[in-house]
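Q: Please take a close look at a single part of this structure, the packing of one pair of elements, and then set that part against the rest of the chain. I would like the reasoning spelled out where a cut-off decides the wording.

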Amino acid sequence: MVKASKNLSLFQDFNPCEAVDPLFFESAAFEQGYSIIAGVDEAGRGPLAGPVVAAAVVLPSGITLPGIKDSKKMTEKARIKAFPDIINSAETIGIGVVSHSYIDEYNILKASLEAMKQAVENLDTLPEYLLVDGIFKIPMPLPQKCIKKGDQLSHSISASSIVAKVYRDRIMHSYHSIYPEYGFSDNKGYGTAKHLEALKKFGPCPVHRSTFRGVC
């Protein structure tokens, strides 16, 4: 049973330099009475093509998985290896995918938060508390803590960053089979030199973000 109904003061005096324990935030939330805690992160804010993907991951209390860290600090091979370990160990995982067209109609921040919201809503069990990477809260009425560089500080967020990244990479691999001239299997939609050259030569394809610099 949750002891603090809103728990707005949780972590208010936290110093990021003190977070050497990857379960620091999870443990603090458990101590406040929250038993279902989800880490939430997204992948794909910067690319010129494809969707933004978010993942929400609820890990069993007190466990750490070997090799799990911020997905951006891992090789693609290491992320692929870690992915099934997270899938098999997590109590529940939710995925949210928001299209390039939504990104163009609104903006990438709103799209990222929408993807995170979808990921939380797609969990098998509604969490009691959210640990969110970044500085913006997810637009839903759940207690949550935004953590700058949370993918480096929270084990649950690290796990969600890996799931989101691998899932999005698979989407971009599938797009490569349709639009091979852009090299999506290698660049994942990011604006590499070869990708920009392809845009100049062929113009944008249907999954490019038309409002992004380099495309428009």
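A: An angle of 65 to 115 degrees counts as roughly perpendicular, and the angle itself runs from 0 to 180 degrees between the N-to-C directions of the two axes. The model considered here is predicted, and the part chosen is the packing of helix α2, residues 76-89, with helix α6, residues 155-178. The axes of these two helices lie 9 Å apart and make an angle of about 115 degrees, and α2 and α6 are therefore roughly perpendicular to each other. The crossing in which α2 passes α6 is left-handed.

On the α2 side, the residues that take part are Glu76, Arg79, Ile80, Ala82, Phe83 and Ile86. They meet Ala159, Ile162, Val163, Lys165, Val166, Asp169, Arg170 and His173 on the α6 side. Taken by character, the residues of this contact comprise eight nonpolar, five charged and one polar.

Helix α6 also holds Ser158, which has a relative accessibility of 5% and therefore counts as buried, the limit being under 20%. Leaving aside residues up to four places away in sequence, Ser158 touches Ile68, Lys69, Asp70, Asp151 and Gln152.

Around this part, the protein chain has eight helices and five strands, and from the N terminus on these elements follow the order α-β-β-α-β-α-α-β-β-α-α-α-α. Among the contacts in the protein chain with a separation of 6 or more, 65% join residues 24 or more positions apart. For 216 residues, a compact globule would have a radius of gyration near 17 Å, and the value of 18 Å for the protein chain agrees with this. Along the principal axes, the C-alpha atoms fill a box of roughly 60 × 35 × 35 Å, and 52% of the 216 residues count as buried.

Three loop residues extend the picture beyond the helix pair. Phe136 is found in the loop between β4 (129-133) and β5 (144-147), and with a relative accessible area of 39% Phe136 is partly exposed, because this value falls between the limits of 20% and 50%. Phe136 touches Leu109, Leu113 and Cys146, when residues up to four places away in sequence are not counted. Lys148 is twelve residues from Phe136 in sequence, and their C-alpha atoms are 9.3 Å apart in space.

The other two loop residues concern the backbone. Most residues other than glycine have a negative phi. Lys149, in the loop between β5 and α5 (150-153), has instead a positive phi, near 60 degrees. A positive phi is also found at Lys188, where the value is near 55 degrees, and this residue is located in the loop between α7 (184-187) and α8 (193-202). As for their surroundings, Lys149 is exposed, with a relative accessible area of 52%, whereas Lys188 is buried, with a relative accessible area of 6%.

To return to the part under study, the contact of α2 with α6 is thus a roughly perpendicular one, with a left-handed crossing and with residues such as Phe83 in α2 and Val166 in α6 among those that meet.

Technical notes: Residues are numbered from 1 along each chain as its sequence is written. This is a predicted model: local features need pLDDT of at least 70, side-chain atom pairs count only at pLDDT 80 or more; totals for chains, interfaces and linings use all residues. Side-chain values use heavy atoms; hydrogens and water are left out. Helices (H or I, at least four residues) and strands (E, at least two) are DSSP runs, numbered from the N terminus. Angles under 35 degrees count as roughly parallel, over 145 as roughly antiparallel, 65 to 115 as roughly perpendicular and the rest as oblique. A crossing is left-handed if the near helix is turned anticlockwise from the far one by less than a right angle, and right-handed if clockwise. Contact means heavy atoms within 4.5 Å. Ala, Val, Leu, Ile, Met, Phe, Trp, Tyr, Cys and Pro count as nonpolar, Asp, Glu, Lys and Arg as charged, and the others, Gly among them, as polar. The radius of gyration is taken over C-alpha atoms; the globule rule is 2.2 Å times the number of residues to the power 0.38. Buried means under 20% relative accessible area, exposed over 50%, partly exposed in between (1.4 Å probe, protein chains only).
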